[in-house]
Amino acid sequence: MPIQPKSEFLRVMIARGYMADCTDIEALDEALIEGTVTAYIGYDATAASLHVGHLLNIMMLRWWQKTGNRPITLMGGGTTKIGDPSFRESERPLLSPAQIDANIEGMQRVFGRYLDYGQGTTDAVMVNNAEWLDGLKYLDFLRDIGRHFSVNRMLSFESVKSRLDREQSLSFLEFNYMILQAYDFTELYRRYGCRLQMGGSDQWGNIVNGIDLGRRVEEAELWGLTSPLLTTSDGRKMGKSAGGAVWLSAEMLSPYEFWQFWRNTTDADVGRFLKLYTELPVEECERLGALQGAEINEAKVRLANEVTALLHGPEAAARAEATAREVFEQGGAGADLPTLALTAEELGEGITLAQLFVRSGLAKSGKDAKRLIAEGGARVNDAPAEDAGKLVGAEMLAAPLKLTAGRKRHALVVLG
């Protein structure tokens, strides 16, 4: 890997910490200098929204476009019908075509916040691999594509080997996934002249398969580039919070909760996350990340504002910061907090406090809520919650009821 690549994109990738590996960085560097290159990242439609775990690679596509190249977002309408087995302990639940289509629609809205789609030379293109996978004739595919794959080699990939070593079942359906993903690269080369696939480092084997297939079938010179699999400095998987996945859709996670996730970043991660998830200059990211004591908290606010503004817009970021300051510094309720609206009919003769914590998203289950209350981690209107079975009726919701779990997670309950 050259220490000083000539192309702007690779300089950004290295300086900001996006790069783990590249198959032939010198050749890719030369191609980027010569003109516009097309690259893709694939996204299977396993949920109704992308989450924070996807955000690093979305930012790579954004930088790809900002440095004068064309990105493709490949939606896995076909491959989702199988599911990527990489490093999983069991087979994914199979989704119906209708579920997959609905998930793709939800994911598309997020991409529009980061990429410019259109017909121009560097405009992003959104493609669904169901276009070619759904119509494949099985015997023709085996003869034309399958013959290029060695089962011995496929079994040696760590993503498959780790599953087999644990004596966990790997279905024939899942085993086909890596062949279909490799075929995606060949089809994108044929249709769009795509020459680079990017992805997380857990996709290295799949990417190399695609490069090899393109060389065999089309005599194409293709490349792969992977990003590191991120964990936080305390060892947690990036994108997980106490409340579950950190979704990028405002319908599944409010802008305030998204903002708060970034505000709660561990001190040691601030500088690194500023480089990866914002467009602030590297020098400014390093300066903010080096702050100590109370000053690091303002750096976290800057991180939260910058990341939230990219996804939800500057106004949503400003509202989230104002709500946080009201809640934490002034002891207020914060009108922009996640809100649970209950009708009088839903309330009936009352809902228990434990149920309210579950329905507001502050607890995963009734058992979790009861434990939270018993251990002193729950508050109602900033006063300790002591009775998980206490009934909350319409009279208690004459004004918004503020619920708090731990120190930093809040929600409002109102009478709708």
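Threonine 122 is in contact, where contact means heavy atoms within 4.5 Å, with Thr36, Gln65, Gly68, Asn69, Arg70 and Pro71, leaving aside its neighbours within four places in sequence. This is a predicted model, in which local features need pLDDT of at least 70, side-chain atom pairs count only at pLDDT 80 or more, and totals for chains, interfaces and linings use all residues. Residues are numbered from 1 along each chain as its sequence is written, and side-chain values use heavy atoms, with hydrogens and water left out.

To return to threonine 122: this residue lies in the loop between helix H4 (97–114) and strand E4 (125–128). Helices (H or I, at least four residues) and strands (E, at least two) are DSSP runs, numbered from the N terminus. With a relative accessible area of 27%, threonine 122 is partly exposed; that term covers the range between buried, under 20% relative accessible area, and exposed, over 50%, with a 1.4 Å probe and protein chains only. Threonine 36 stands 86 residues away along the chain, yet the two C-alpha atoms are separated by 7.4 Å.

A second threonine, at position 226, belongs to strand E6 (residues 223–227). Is threonine 226 buried or exposed? It is buried, with a relative accessible area of 0%. Not counting residues up to four places away in sequence, threonine 226 touches Tyr18, Met19, Ala20, Asp21, Gly199, Gly200, Ser201, Trp204 and Ile207.

Let us turn to the chain as a whole. Its secondary structure comes to 19 helices and 15 strands. Of the 416 residues, 51% are buried. Among contacts between residues at least 6 apart in sequence, 73% join residues at least 24 apart. The accessible surface, from the Shrake-Rupley method with a 1.4 Å probe and, for residues, only the protein chains shown as cover, comes to about 19300 Å², and 49% of that belongs to carbon and sulfur atoms.

Next, the interior. A nonpolar core is a set of buried Ala, Val, Leu, Ile, Met, Phe, Trp, Tyr and Cys residues joined through side-chain atoms within 4.5 Å. In the largest such core, of 69 residues, Met198, Leu225, Trp262 and Tyr277 touch the most other members. Helix H3 (residues 52–66) gives this core its largest share, 9 residues. Apart from it lies another core, of 28 residues, including Leu74, Trp132, Met154 and Leu222. As for methionine 198, its contacts beyond four places in sequence are Phe9, Ala39, Tyr40, Ile41, Met60, Leu61, Trp64, Ile207 and Leu225.

Finally, the aromatic rings. Rings of Phe, Tyr and Trp (its six-membered ring) pair if their centres lie within 6.5 Å; planes under 30 degrees apart count as stacked, over 60 as edge-to-face and the rest as tilted. By this rule there are 8 aromatic pairs. In one of them, phenylalanine 258 and tryptophan 262 meet edge-to-face, 6.1 Å centre to centre with 70 degrees between the planes. Where do these two residues lie? They are 4 residues apart in helix H12 (residues 255–263), and so are separated by about one helical turn. Both are buried. Tryptophan 262 also forms a tilted pair with tyrosine 277, at 4.9 Å centre to centre and 55 degrees between the planes. That pair links distant parts of the chain, since tyrosine 277 is in helix H13 (residues 270–277), 15 residues from tryptophan 262 in helix H12. Phe258, Phe261, Trp262, Phe273 and Tyr277 form one aromatic cluster.
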